[in-house]
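Me: I am new to this structure and should like to understand the terms used to describe it. Please set each value against its definition.

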Amino acid sequence: MSQRLHIVPSQFVVEHQADAVFPEDDEWIALVRAPEGLTVVREVPPFVEAARWAGFYGDPADPLDRTGALAEVVGPISGAGIPVFVASTFHGDLVLVPETKVPDAAAALKEAGHEVVQPPARG
């Protein structure tokens, strides 16, 4: 089944905080707590030197219990040899890829039959 995916205009950083149970600030997008520590996804300010990730986010038209929705997106990206990091929400999945791989990921998604919508131009 094809999906309509938007390229999120922000860039993100994925951080691991080994000894934290909650981040020190409230500038995060997603948190996952695991036995080995806390994973924090946040928008990355332009001046920060970090591995930057960009996101694809689907229209919230699919119900939460629809089987395979995430696999339909991750499969083509992974098949193109691009790493992914996913933060799931009630309404959809934020699928992150390295910022430099967005064009390749978008091409793989389009080839798989998905619609990829570019963010509005800034300016």
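Me: What pattern does the protein follow when read along the sequence?

Reply: The pattern is β-β-β-β-α-β-β-α-β, with two helices and seven strands. Helices are DSSP runs of H or I with at least four residues, strands are runs of E with at least two, and both are numbered from the N terminus. This is a predicted model, in which local features need pLDDT of at least 70, side-chain atom pairs count only at pLDDT 80 or more, and totals for chains, interfaces and linings use all residues. Residues are numbered from 1 along each chain as its sequence is written, while side-chain values use heavy atoms and leave out hydrogens and water.

Me: What makes the protein as compact as a globular protein of that length?

Reply: Its radius of gyration, taken over C-alpha atoms, is 15 Å, close to the 14 Å that the globule rule gives for 123 residues, so the protein is as compact as a globular protein of that length. The rule is 2.2 Å times the number of residues to the power 0.38.

Me: Why is the pair Glu115 and Arg4 called a salt bridge?

Reply: The term requires a side-chain nitrogen of Lys or Arg within 4 Å of a carboxyl oxygen of Asp or Glu. The N to O distance between the side chains of Glu115 and Arg4 is 2.7 Å, so the pair meets the definition. Glu115 lies in strand β7 (residues 115–117) and Arg4 in strand β1 (residues 4–17), so the bridge ties together parts that are 111 residues apart in sequence.

Me: Which residue forms a salt bridge with Glu15?

Reply: Glu15 is paired with Arg42, their closest N and O atoms being 3.0 Å apart. Glu15 belongs to strand β1 and Arg42 to strand β3 (residues 37–43), so this pair ties together parts that are 27 residues apart in sequence.

Me: How do you know whether Arg42 is buried or exposed?

Reply: Buried means under 20% relative accessible area, exposed means over 50%, and partly exposed lies in between (1.4 Å probe, protein chains only). Arg42 has 10%, and is therefore buried. Its partner Glu15, at 26%, is partly exposed.

Me: Why is His114 called buried or exposed, and where is it found?

Reply: His114 is found in the loop between α2 (102–111) and β7. Its relative accessible area is 7%, so His114 counts as buried. Leaving aside neighbours within four places in sequence, His114 has contacts (heavy atoms within 4.5 Å) with residues including Met1, Leu5 and Val73.
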